[in-house]
Amino acid sequence: MVHDYLLTLAACNTVVPTKIKLTSSGNLEMEVAIAADEEIALVEYQGESPDEQALVAAAASYGYTLVERTSNYIVINVLGQRMTFELLGMHEFDSIRKCMSVIVKCPNGQVKVLVKGADSALLKKISLSEKTTHIAGERQAQVLFDTQMHLDMYSNKGLRTLVVGVRELSDSEFTNWQQLYAKANASVSERATLLQEAAQAVENDLILLGATGIEDKLQDGVPETISTLRNAGIKVWVLTGDKQETAISIGFSCALLTHDMKQIIINASDKQQCHDAIKAAKEAYVQVDNRHRMFRASGRSYDFATELPGGPEKVTELSNASLSRPFSQRMKLDSFRSINSSRADSGRSRHGRLLALIIDGNSLVHALDKDLEQELFDLATACQVVICCRVAPLQKAGIVSLVKRKSKEMTLAIGDGANDVSMIQMADVGVGISGQEGRQAVLASDFALGQFRFLQRLLLIHGHLNYRRLGYMVLYNFYRNAVLVMLLFWYTLYTAFSTSPAITQWSLVLYSVIYTSVPTIAVAIMDRNLSPQTLLKYPGLYKSGQENESYSKLLFWLTMLDTLWQSLVLFYAPYLTFRHSTIDIWSIGSIWIISVVILVNLHLAMDVEHYTWITHLAIWGSIVATYICLIVLDLLTDDDSLVYYGTIFNIAGTANYWLDIFLIIVTALLPRFVLKIVKQKIWPSDVDIAREEEIRKG
Amino acid sequence: MDTGQPSTSSRPEETAPPNVTKKPRSSAFTQQELPACKPLLTPGWVIVIYMVVGVIFIPIGIAALLASRSVVEIIDEYQTACIPSNYTSNDQRVQYIQDFTTDKICTRLLTVPKYMKKPIFVYYQLENYYQNHRRYVKSRSDKQLLYGEGASLADTETCKPKQLLDDQPIIPCGLIAWSLFNDTYSFTISGNAVPVNKKGISWKSDRYHKFGNVYPENFPNNLPNNENGSLIGGSSLDLNVPLNEQEDLIVWMRTAALPTFRKLYGRIEQDLKAHTQLTAQINNNYNTYSFRGKKKLVLSTTSWLGGKNDFLGVAYITVGTVSIFLGLAFFIVQWKYPRPLGDISYLSWNQKPATS
């Protein structure tokens, strides 16, 4: 049996052994290994799934080395002895059968079906009868019992489990299968169905050989990252295809679940059960009334972990796992507003304990129905942690879409496998991890990361900075354009509503192109309120985005009010200065354009928080460039520009010109400056305090 | 383990050479690690900024106010006074001003309030006169002003509706030139004429670069026998003097920015003692009556700041004072309620400890 077990591991897969050699040029070259090669030291296994590679490698370490695989035969080095197995057929893995099998002819002529697959599917196909297996039924039952125990143990440790089985085919069975297989392969239209039928013909009455558990190591820094993200006010939901036990133990190992959390487990097989379970959980934990109501869900295999006063909790029994995979996470970026009613209490039950919802794919099928999804959403958003296990790829997308539809929150999906693609595409922000599971996720994503832990840099640093920059730039660009337009508008009131522009046509064009554009770009790219170190040190600073600190309706209207004030100062300072004077239209226009340019640039300069030489160059350079442009424009002698000739030289020679500019800038910026200081002094945000601390200390 | 290269059995040779990399160049700029100055508005700085603004603004304001106060100004509004008193309604006044046959000389007596040091600038001030109207501003041909007949018909398109007269191009064309101000002033003190220097009243750059050695031609205001006056807009031009020497026109054609404006008429190059009686003889020809515009004669001395205008002085003093007050207020707030800078115990999550 051990022989068959290891044989199955080595043979029942799609792994191709490849040989790596160092060429003279220093390049690594790969080439498919063939059995004739003597040198087998540097064999590397290439396969679709890293799990299969691991299993083949494990078999190899026990002396069952896969040496060569072609479409017709498999060569395996069994304990130093090279054996060739004729490959008669292969049934690849599909998600309905949840197993794969190969049919091989052993060197001794026996025809064997080697099967490996998910325990839920395969354990049903195990035969206990002596007749078919030639092994004592008692012993079989014992093996089944042991295996199941092992499986439970493995999955509690967070290992991914598979069950391995074998079956010998009699001549008649083989012939029967061969016909089905040949027919399926020859078929054009119903190939998949026919292949399935053929597979089902042989994948039954199996002898149970054993189980495997594959450890999927957590990447570096996963628990730290997850707790950082949660400190940053981000709700973390895990959507995984793993078994429930595996998922829970992963949850513990990546610090998502803690022992003081109350676990709500929903595991229902039909709609009514599912409905009852969600309703009951909602009543028990989310709503404040119905205190101390106990209930027992009618789920098939799991009870609710209800809180028994003083008693031990069921969930604690499930909870000493150490390692697993946390890849298929989905982060939910909760914006502050939507959970405002219960921000501090969010995710806590009425007993003040954190809630965790664990729901499986079968329940989700019903829970995501139109009539239940609101209930599910309410329950899930009340929980601090949500883990969905045994979820199909499309269900992942369904959950993301549920959150997107029901709330205003931004959603981020992060995953590494092809089964995460649909959810990555559905979420507002899709992040793919490029890893051993191929590049499907990366190709579908907005951001590609090398490792899960880089997510904290992506969000806390780049997310934070980009949010600030974007928010500020939106406001600033509204301001920058509105202040000029309002200035032109006030002047219209004094030109008999004839819209005659005092500012030269060229300056109106160049205002956005030269006079004020470069500082906008420099600041939008390079400004930085806090250093990356500080942002990582205090993940809570990320909440500034959730609390709309950089852009909100209030800020928009305040900015517009400020714009109004600045434009009035811009217009009326020269107006009042020159209202009984010989000033001509082009001279006053010259004062206005230079004032507005200096003003908007200094306005920006006042808000910049990180001055590099580029920022300096952009801001002061823009003002200098504006002067150069104004001088050149007033020296042009073509037909259209002649009328402006010499304006700036005459007007800039007067004291009024300089006093007006100085007055405009200080007076226009004064309210903004006062507001900025008062806000910082009296209502400092976390970002303000962290910035003070950062600058003070270093 | 996985080298990330495709495990192709068919094309094993196609592996990329390792020296080809897509990794972006790393520099202080691309990593956003350029040395930077991080300004922080500490309470100390804030107070200093307010005080500095106050300290700079108040003296400037005082100086500006003193300069403005040192200017002596005589303003005489004459558009009503210079019409015989029997013309009471506005229509009658328009009729009077458009009548070419009557003599419209008007004498005004001005008293010098304070000693006026030369040069004394003579201005005319018009009010409710929209020289900045879009169509008016554009109604000129700078090419024609510079090149005269050298300008093609197309160059004077902008002058419409004062482009052509009897199919001949008008020089200088356009509404601005046509509506040239034509009131004139002369002054006497006890019968002795006070000369007004009308040279150098326009900008040099205008005289030398915008107006050429061009003689007026076909100018509607110069037409003889123009008895009904329908084509008269304003002053006629001396046909024997090139445009670049007709400074009244040059001054007029630098169109005013605001509906109330002054234009320099000339300079009196002698000091006027206080309480001197100055007689101004005004030729009241210009029609501002049809749009109820005011006409004023202004005599003003000048300071480093120009004419009389308290605005800048008052504004500077106000802003400076407000700034000092804000500085003091901030100082008091800071003194009463100090918040240590960068004290992390003020961070929101440090203030409400988690209840779990």
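**Contacts and packing in a predicted model**

Me: Which residues does Glu73(B) touch, not counting residues up to four places away in sequence?
Reply: In this predicted model, Glu73(B) touches Pro113(B), Arg262(B), Val298(B), Leu299(B), Ser300(B) and Lys308(B). Glu73(B) lies in strand 1 (residues 73-77) of chain B.

Me: What makes the pairing of the side chains of Glu73(B) and Arg262(B) a polar contact?
Reply: The two side chains are joined at 3.1 Å. The cut-off for a pair of N or O atoms is within 3.5 Å, so the pair of Glu73(B) and Arg262(B) counts as a polar contact.

Me: Why is helix 1 of chain A called largely enclosed by the rest of the structure?
Reply: Helix 1 (residues 2-11) of chain A is called that because 8 of its 10 residues are buried. Buried means under 20% relative accessible area. The buried residues are Asp4(A), Tyr5(A), Leu6(A), Leu7(A), Thr8(A), Leu9(A), Ala10(A) and Ala11(A).

Me: Why are helix 1 of chain A and helix 2 of chain A called oblique to each other?
Reply: The two helices pack at an angle of about 135°, with their axes 8 Å apart. Roughly antiparallel needs an angle over 145 degrees, and roughly perpendicular covers 65 to 115. The angle fits neither range, and the helices are therefore oblique to each other. Their crossing is left-handed.

Me: Which residues make the contact of helix 1 of chain A and helix 2 of chain A?
Reply: Helix 1 of chain A contributes Leu6(A), Leu9(A) and Ala10(A), and helix 2 of chain A contributes Leu55(A), Val56(A) and Ala59(A).

Me: How do the residues of that contact divide into nonpolar, polar and charged?
Reply: They divide into 6 nonpolar, no polar and no charged, because Ala, Val and Leu count as nonpolar.

Note on methods:
Residues numbered from 1 in each chain as written. Chains lettered and ligands numbered in written order. Predicted model: local features only at pLDDT ≥ 70, side-chain atom pairs only at ≥ 80, totals over all residues. Heavy atoms only, no water. Buried < 20%, exposed > 50% of the residue type's maximum accessible area, 1.4 Å probe, protein only. Helix = DSSP H or I, 4+ residues; strand = E, 2+ residues; numbered from the N terminus. Polar contact = N/O pair within 3.5 Å; in protein donor to acceptor, adjacent residues only side chain to side chain. Contact = heavy atoms within 4.5 Å. Axes fitted to C-alpha atoms, helices over the stretch in contact; angles between N-to-C directions. Parallel < 35°, antiparallel > 145°, perpendicular 65-115°, else oblique. Left-handed = near helix turned anticlockwise from the far one by under 90°.
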